[in-house]
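Good morning, everyone, and thank you for making the time. I would like to walk you slowly through one model today, so please have the picture open while I talk.

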Amino acid sequence: MINSWKNQHPASLVLRLWLGITFIYGGWNKATDPGFLDQGSPHYIGAQITGYLNTSPIDFILKHMIEHATLMGWGVMITEFAIGFAVLAGYSLELVSLVGVGLSATLWLSATWSVKPYFLGSDTAYMILWLALFLLARGGKSGRNKSTLISDLTDRRELLRLVGVGIAGVAASFGGKLMKNSNPTPEAGAAITTVANFPVGSTMNFQAASGEPAVLFRTNAGVFAYSAICTHQGCTVAYDAGKHLLKCPCHGAEFDPAQNAKAVTGPAQSPLAPIKVAIKGNNIVQI
Ligand code: FES
């Protein structure tokens with residue numbers, strides 16, 4: 001019998017409301033971000049994970065996630081929705097709180113590890129809030145009379161409820177995606193940037209007309225660009241200004257933009273694909 005909002009400690013009511021609403025909003029925010037699962041976007045989950053490699057203490061794990069970034073993105077989005085729905089409904093609170101602790105800890109160790117001082121990063125606070133809810137649930141004061149890990153995992157009705165919130169999470173994720181399907185791909189001929197904003201020596205990421213991520217350079221010789229899709233197994237490369245090379249975070253391939261993006265360090269063998277760009281009037285455009 002679920003008595004979600006009755007006979008519970010006021011602290012658990014506050015925690016459940018706040019965590020439930022916030023994690024549903026977090027999932028919705030990702031689901032309606034057209035760039036979150038779009039490889040050509042700077043918001044792309046893979047680009048975000050690549051950015052965390054320089055600061056995260058779990059970079060050795062994140063490296064392996066980059067190849068499966070889109071899958072990871074779906075996973076985070078659906079999990080946020082599912083635990084948000086479950087905590088509001090009062091399902092399996094011990095189990096759901098532990099998932100919340102794990103998710104918040106992972107986000108802290110990757111996305112907000114470099115935030116200083118630490119209290120400005122919200123993931124540590126969410127981790128502690130989920131932990132507090134777990135302890136309340138363990139004491140039987142957070143929703144259902146008795147919610148334990150073992151009973152939740154062996155109770156068929158509770159398992160069905162968990163499957164239900166999982167399905168609701170998938171549906172909400174797809175719903176959000178359908179509403180904001182994708183970034184409009186820039187057309188060939190559209191301005192990438194202006195000449196004034198991109199002086200000699202500059203580098204920038206942009207989305208090519210094909211939809212793929214690309215990197216634009218300007219030197220004394222003019223403007224040129226390459227696809228940012230690694231020719232080894234398709235991860236997104238990033239420019240390393242210190243080494244003057246485009247580096248792939250997945251298996252370490254390096255490409256030299258000054259030599260037609262040829263692979264100078266394996267395992268990639270082929271150069272990055274060139275993308276034709278030119279200066280037209282005040283703009284730099286893809287042609
Ligand atoms: S995908 Fe393997 S080195 Fe880039």
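I will begin with the helices, go on to the strands, and end with two residues in loops.

Before anything else, please keep in mind that what you see is a predicted model.

Let us start with helix α2, residues 45–52, and helix α4, residues 69–89, whose axes come within 8 Å and cross at roughly 100°. How should we describe that arrangement of α2 and α4 in words? Angles from 65 to 115 degrees count as roughly perpendicular, and so α2 is roughly perpendicular to α4. On the α2 side the residues that meet the partner helix are Ile45, Gly46 and Ile49, while α4 brings Ala69, Thr70, Met72 and Gly73. Sorted by class, this contact has 4 nonpolar and 3 polar residues, and no charged ones.

Now please follow α4 to another partner, helix α8, residues 156–179, against which α4 packs at an angle of about 130°, the two axes being 8 Å apart. That angle makes α4 oblique to α8, and the crossing of the two helices is right-handed. From α4, the residues making the contact include Trp74, Met77, Phe81 and Phe85, and from α8 they include Leu162, Val165, Gly166 and Val170. If we divide the residues of this contact by class, we find 13 nonpolar, 3 polar and no charged.

Let me turn to the strands. Here we have an open sheet of 4 strands in the order β2-β3-β4-β9, with antiparallel pairing. Which strands are at the edges of this sheet? They are β2 and β9, the latter being residues 274–275, and each of these two pairs on one side only. As general background, strands of a sheet pair through backbone hydrogen bonds, either parallel or antiparallel.

Going through the sheet in order, strand β2, residues 203–207, pairs with β3 in the antiparallel sense over 5 bridges, and one place to look is threonine 203, whose bridge partner in β3 is phenylalanine 217. These two strands form a hairpin with 5 residues between them, and in the turn you will find glycine 211, which has a positive phi of about 100°. Strand β3 itself, residues 213–219, is mostly covered, since 6 of its 7 residues are buried. On its other pairing, β3 runs antiparallel to strand β4, residues 222–227, over 6 bridges, with arginine 218 standing opposite valine 223 in β4. The hairpin formed by β3 and β4 has 2 residues between the strands. Finally, β4 and β9 pair in the antiparallel sense over 2 bridges, and alanine 225 has isoleucine 275 of β9 as its bridge partner.

I would like to finish with the two loop residues. Histidine 244 has a positive phi of about 60°, although it is not a glycine, and it is found in the loop between β5 and β6. Is histidine 244 buried or exposed? It counts as exposed, because it has 11 C-beta neighbours inside 10 Å, and the cut-off for exposed is 12 or fewer. Alanine 261 likewise has a positive phi of about 60° without being a glycine, and it lies in the loop between β7 and β8. Alanine 261, however, is buried, because 24 other C-beta atoms lie within 10 Å, where 20 or more are needed.

Thank you for listening.

How values were computed
Residues are numbered from 1 along each chain as its sequence is written. This is a predicted model: local features need pLDDT of at least 70, side-chain atom pairs count only at pLDDT 80 or more; totals for chains, interfaces and linings use all residues. Axes are lines fitted to C-alpha atoms, for helices over the stretch in contact, and angles run from 0 to 180 degrees between N-to-C directions. Angles under 35 degrees count as roughly parallel, over 145 as roughly antiparallel, 65 to 115 as roughly perpendicular and the rest as oblique. Two residues are in contact if their C-beta atoms, placed from the backbone, lie within 7 Å. Ala, Val, Leu, Ile, Met, Phe, Trp, Tyr, Cys and Pro count as nonpolar, Asp, Glu, Lys and Arg as charged, and the others, Gly among them, as polar. A crossing is left-handed if the near helix is turned anticlockwise from the far one by less than a right angle, and right-handed if clockwise. Two strands pair if DSSP finds at least two bridges between them.
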